[in-house]
Amino acid sequence: MNKWTRGHTLAIGIALIVLTNAVALGGVWWNRSATESALTLSERELGLPWRSLRFAEDSGLSLNLNWRVGDHEAGEFVSGYTFNGGTPEWLDAANMAALGFAPGDLDSDRGRRSYTRQLPREAILVMELGGPTWQRALARARENAGRHAAAAAANADSKQFADRARQARDELAREEGSNSRLFVIDAGLDARQLREKYPDRRRVLLLRGTVRPAVRDRGDTAPQATGYVSRIGSGRIHVPYAQRGLLESARGVGEPGGRDRFTVELLVGQRLEPWIADARPGSGLPMAPRPAIQECSDESLRRSDMCPADRRLCVL
């Protein structure tokens, strides 16, 4: 009988590592063997990580997928559309039942607890770029800014009205130039049926996400079963080494702010897993390393928007 040795243990360990990697690589190959959808996204939808949140031992780079849902209870100063999670208006009891949840009786406290304590479920989420939902968000922000501007003009001596007008104006600027235009507009369990309903593969993508039960209780109406979209995939998309240089140079300009400094071609495979195929400079701020700092020898360079408070150094 052969004696078990450390060599046997090492061989089995190596075999398990090779098998695990083979399975992982096989999954990647299968996912990328066919393209389910392809969208061109900007920094508004794929944000760079904050420099302070990156770990020194992590040499990789990932982009954060920024998405929204139409939630009219979010408040007027976020255009009624929440970010990276929320309760969509369209996610009602019928949709929750189609996802496998049992709404039950919501008229009693026991029924509401029974419903909301159901475990979250995975679903296929439909995400639309720059569609009617974003257009409504933009229109609402413009209407809100105009209404508060008129109120501030009619109450010229009121700081409160002026502050509200400024806040609404800032929100409009964000909606027009930096907020994500990618919205979750539907959910289901069958990718083929969803794709038949939303055939535009250049504007609508399908990704796996998580939905958990929630109750919409507005007080003046009966409680309604709804759901909360809490996660889409891992939320982060790895940047291939070939595209890292371009995106790292964008990080050198400053911290991320949802602008259009780059565009990314995002592909989704047949397993509904996304990957980055290409990255190009956008129409926003120019790609450049961090500005150099030197002494301000020319008085014309000593401007408050370029130099620090002591006016001895200037950012060129």
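Start with the face that helix 4 shows to helix 5 in this predicted model. From helix 4, the residues in contact are Trp 134, Ala 137, Leu 138, Ala 141, Arg 142, Asn 144, Ala 145, His 148, Ala 149, Ala 151 and Ala 152. Helix 5 answers with Phe 161, Ala 162, Arg 164, Ala 165, Ala 168, Arg 169, Leu 172, Glu 175 and Glu 176. Sort the residues of this contact by character and you get 13 nonpolar, two polar and five charged.

Now for the geometry of that pair. Helix 4 spans residues 132-154 and helix 5 spans residues 159-177, and their axes lie 8 Å apart. The packing angle is about 155 degrees; angles over 145 count as roughly antiparallel, so that is the label for helix 4 and helix 5. As for handedness, helix 4 makes a left-handed crossing with helix 5.

Step back for a moment to the whole chain. You'll count seven helices and 14 strands in it. There are 316 residues, and buried ones make up 38% of them. If you take the contacts between residues at least 6 apart in sequence, 67% join residues at least 24 apart.

Next, head for the interior. The largest nonpolar core holds 54 residues, and the members that touch the most other members are Leu 63, Trp 67, Leu 125, Met 127, Val 211, Ile 232 and Leu 247. Strand 6, residues 121-129, gives the most to this core, with six residues. Met 127 is a handy place to look around from: leaving aside residues up to four places away in sequence, Met 127 touches Trp 67, Leu 182, Phe 183, Val 184, Arg 203, Val 204, Leu 205, Leu 207 and Ile 232. Two of those neighbours, Trp 67 and Ile 232, also appear in the list of core members with the most contacts to other members.

From here, move over to strand 3 and strand 10. Ser 62 sits in strand 3, residues 62-65, while Ile 237 belongs to strand 10, residues 236-238. Ser 62 and Ile 237 touch each other. Beyond that, and again skipping residues up to four places away in sequence, Ser 62 touches Pro 49, Arg 236, His 238 and Val 239. Is Ser 62 buried or exposed? Its relative accessible area is 18%, and the cut-off for buried is under 20%, so Ser 62 counts as buried.

Ile 237 is buried too, at 6% relative accessibility. Outside its sequence neighbourhood of up to four places, Ile 237 touches Leu 46, Leu 61, Ser 62, Leu 63, Leu 266, Pro 274, Trp 275 and Ile 276. Follow the chain 36 residues from Ile 237 and you reach Glu 273, with the two C-alpha atoms 9.6 Å apart.

Leu 272 is worth a stop as well. You'll find Leu 272 in the loop between strand 11 (262-269) and strand 12 (274-281). Its phi is positive, about 60 degrees, although Leu 272 is not a glycine. Despite that loop position, Leu 272 counts as buried at 6% relative accessibility.

One more loop rounds things off. Pro 103 lies between helix 2 (93-98) and helix 3 (109-116). Not counting residues up to four places away in sequence, Pro 103 touches Ala 93, Ala 97, Tyr 115 and Ala 225. Ser 114 is eleven residues from Pro 103 along the chain, and their C-alpha atoms are separated by 8.7 Å.

Conventions. Residues are numbered from 1 along each chain as its sequence is written. This is a predicted model: local features need pLDDT of at least 70, side-chain atom pairs count only at pLDDT 80 or more; totals for chains, interfaces and linings use all residues. Side-chain values use heavy atoms; hydrogens and water are left out. Axes are lines fitted to C-alpha atoms, for helices over the stretch in contact, and angles run from 0 to 180 degrees between N-to-C directions. Helices (H or I, at least four residues) and strands (E, at least two) are DSSP runs, numbered from the N terminus. Angles under 35 degrees count as roughly parallel, over 145 as roughly antiparallel, 65 to 115 as roughly perpendicular and the rest as oblique. A crossing is left-handed if the near helix is turned anticlockwise from the far one by less than a right angle, and right-handed if clockwise. Contact means heavy atoms within 4.5 Å. Ala, Val, Leu, Ile, Met, Phe, Trp, Tyr, Cys and Pro count as nonpolar, Asp, Glu, Lys and Arg as charged, and the others, Gly among them, as polar. A nonpolar core is a set of buried Ala, Val, Leu, Ile, Met, Phe, Trp, Tyr and Cys residues joined through side-chain atoms within 4.5 Å. Buried means under 20% relative accessible area, exposed over 50%, partly exposed in between (1.4 Å probe, protein chains only).
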